[in-house]
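Trainee: Could you take me through one part of this structure in detail? I'd like a close look at a single strand and whatever it pairs with, and then a walk outwards from there.

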Amino acid sequence: MGKGGMSRGASGETKDGEEENMAAWLLGINTLKIQPFELPPLGTTFSAFLRPSSISLLMTLMLDSFSTGYFLGPHDVRVRMKAVGICGSDVHYLKTLRCADFVVKEPMVIGHECAGIIEEVGSEVKALVPGDRVALEPGISCWRCNLCKEGRYNLCPEMKFFATPPIHGSLANQVVHPADLCFKLPDNVSLEEGAMCEPLSVGVHACRRANVGPETNVLVMGAGPIGLVTMLAARAFGAPRIVVVDVDDHRLSVGKELGADAIVKVSTNIQDVPEEVGQIHKVMGAGVDVSFDCAGFSKTMSTALSATSAGGKICLVGMGHSEMTVPLTPAAAREVDVIGIFRYKNTWPLCLEFIRSGKIDVKPLITHRFGFSQSEVEEAFETSARGGNAIKVMFNL
């Protein structure tokens with residue numbers, strides 16, 4: 001269970017005059033229900049419970065901390081959620097109760113793309129005050145393992161990430177989160193744009209890993225939400241020419257509207273790869289220096305491997321298939337590097353600067369908006385799952 005809070009059950013009680021915190025709970029396949037979500041007290045410290053009369057309370061809190069993976073301290077903040085987006089992983093959990101190797105085994109609050117307003121701060125929080133608008137980075141790493149110490153905290157084996165089982169998510173009225181993972185929004189950046197920092201971070205991290213710059217011609221396989229933010233990030237990093245590939249006409253048209261230099265419609269047939277690679281090379285008009293596979297299927301990866309120039313890079317971003325059959329040997333003979341990414345690290349400040357400065361405009365990606373009622377939550381997830389003209393579905397709480 002995550003930092004955000006704990007389940008109290010549908011019959012939970014609140015103190016007189018205190019608002020009951022509600023959240024969207026994933027209870028089973030295709031089953032979401034808005035239920036109470038109890039927040040822990042803010043600013044709790046061990047020293048506050050050293051009196052003999054408080055020993056039992058201390059032990060209770062310690063047991064809660066060991067079972068849920070956190071112990072609240074003075075460096076936390078309470079945030080009222082205002083904007084929460086639906087991610088593809090959220091839809092996977094709703095439809096199958098799993099995403100890759102993560103399996104939902106007990107009721108879980110869903111959602112992790114989020115922004116809100118600070119309502120209360122712990123005693124040691126200095127950089128934020130109530131009323132500040134913030135975007136939340138959803139993963140809490142341990143900061144003790146070798147990967148964290150090396151700065152690669154996104155790979156921390158003890159990562160506690162919103163809405164990744166068994167950690168609760170952020171589609172709730174309020175959550176509690178570490179202050180250092182809450183980033184103040186510039187005045188000209190909306191809460192919805194703040195929530196979009198999470199998917200945008202994937203594209204930014206991918207571009208950093210692939211060293212995209214002003215001399216990098218980029219191919220993006222897949223024009224879904226992640227493919228589109230990767231395209232926007234690549235442009236912000238200076239890529240002079242970007243080609244976007246997809247099977248869907250509507251998403252390709254969106255990619256073109258958002259700034260792709262060229263688009264190529266492809267099929268799902270692996271036999272078409274040679275012809276499609278020829279089309280990609282024709283519209284690129286130059287070599288493909290970096291390819292981003294934002295779908296993660298055997299077909300898309302095979303296309304990227306074949307299309308990328310000798311000495312180039314392929315960054316696997318999407319996770320459509322857990323296993324692939326791809327032509328690695330010819331790519332290896334051309335010294336094509338294949339790299340992967342997992343989430344992101346240290347991206348929120350840059351994402352906010354890209355949005356603040358106008359180098360990236362994420363607003364056109366938000367195609368559908370819903371409120372936070374039982375019927376709207378259900379409709380929003382079905383809208384996202386259907387795809388069609390939906391790119392990013394956003395809750396306004």
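**Strand β2 and beyond**

Mentor: Let's begin with a single pair: tryptophan 25 has valine 109 in β7 as its bridge partner. Keep in mind that this is a predicted model. Strand β7 covers residues 108-109, and two bridges join β7 to β2 in an antiparallel arrangement.

Strand β2 itself spans residues 22-28, and five of its seven residues are buried, so the rest of the structure largely encloses β2. Its other pairing to look at is with β3, residues 31-38: six bridges join these two strands, again running antiparallel. For a landmark there, take methionine 22, whose bridge partner in β3 is proline 36. The link between β2 and β3 is a hairpin with two residues between the strands. In that turn, asparagine 30 has a positive phi of about 55°.

Another positive phi turns up just after helix α2, where leucine 97 takes a value of about 65°. Within α2, the buried residues are Ser89, Asp90, Val91, Tyr93 and Leu94. Now see what α2 packs against. Helix α2 (residues 88-96) and helix α12 (residues 374-386) have axes 10 Å apart, at an angle of about 105°. That angle makes α2 roughly perpendicular to α12. On the α2 side, the residues that meet α12 are Asp90, Val91, Leu94 and Lys95, and across from them sit Phe381, Glu382, Ser384 and Ala385. Sorted by class, this contact has four nonpolar residues, three charged ones and one polar one.

Next, move along to the open sheet. Six strands build it with parallel pairing, in the order β16-β15-β14-β17-β18-β19. At the edges stand β16 and β19 (337-340), and each has a single partner strand, so one side of each is left without a neighbour in the sheet. From one strand to the next, the twist averages 20°.

The β16 edge rewards a closer look. Strand β15 (residues 241-246) pairs with β16 in the parallel sense over four bridges. Valine 245 has valine 264 as its bridge partner in β16, while aspartate 246 stands opposite lysine 265 in β16. Helix α7 packs on the sheet here, touching β15 and β16, and its direction makes about 170° with that of β16. Over on another stretch of the sheet, α9 touches β14 (217-221), β17 (288-293), β18 (308-316) and β19, with a direction that makes about 150° with that of β18.

Back on β16 (residues 262-265), the side chains alternate. Ala262 and Val264 point to one face and are buried, whereas Ile263 and Lys265 point to the other and are not.

For a residue in α7, pick leucine 252; the helix runs over residues 249-257. Is leucine 252 buried or exposed? Its relative accessibility is 3%, so leucine 252 counts as buried. Outside its neighbours within four places in sequence, leucine 252 is in contact with Val244, Val245 and Asp246, with Ile263, Val264 and Lys265, and with Ala223. The C-alpha atoms of leucine 252 and alanine 223 are 6.2 Å apart, although the two residues are 29 apart in sequence.

Helix α9 (residues 298-307) has a residue to check as well, lysine 299. At 10% relative accessibility, lysine 299 counts as buried. Its contacts, leaving aside neighbours within four places in sequence, are Val266, Ser267, Thr268, Asn269, Ile270, Val273 and Glu276.

One more stop is isoleucine 366, in strand β20 (residues 366-370). Isoleucine 366 is also buried, since its relative accessibility is 7%. Not counting residues up to four places away in sequence, isoleucine 366 touches Glu192, Met196, Lys392 and Met394. Between isoleucine 366 and lysine 392, which are 26 residues apart along the chain, the C-alpha separation is 4.7 Å.

Now zoom out to the whole chain. The chain has 12 helices and 21 strands, and of its 397 residues, 54% count as buried. Take the contacts between residues at least 6 apart in sequence: 71% of them join residues at least 24 apart. As for the surface, the chain exposes about 17300 Å², with carbon and sulfur atoms supplying 53% of that area.

Terms used
Residues are numbered from 1 along each chain as its sequence is written. This is a predicted model: local features need pLDDT of at least 70, side-chain atom pairs count only at pLDDT 80 or more; totals for chains, interfaces and linings use all residues. Side-chain values use heavy atoms; hydrogens and water are left out. Axes are lines fitted to C-alpha atoms, for helices over the stretch in contact, and angles run from 0 to 180 degrees between N-to-C directions. Angles under 35 degrees count as roughly parallel, over 145 as roughly antiparallel, 65 to 115 as roughly perpendicular and the rest as oblique. Contact means heavy atoms within 4.5 Å. Ala, Val, Leu, Ile, Met, Phe, Trp, Tyr, Cys and Pro count as nonpolar, Asp, Glu, Lys and Arg as charged, and the others, Gly among them, as polar. Buried means under 20% relative accessible area, exposed over 50%, partly exposed in between (1.4 Å probe, protein chains only). Accessible areas come from the Shrake-Rupley method with a 1.4 Å probe; for residues, only the protein chains shown count as cover. Two strands pair if DSSP finds at least two bridges between them.
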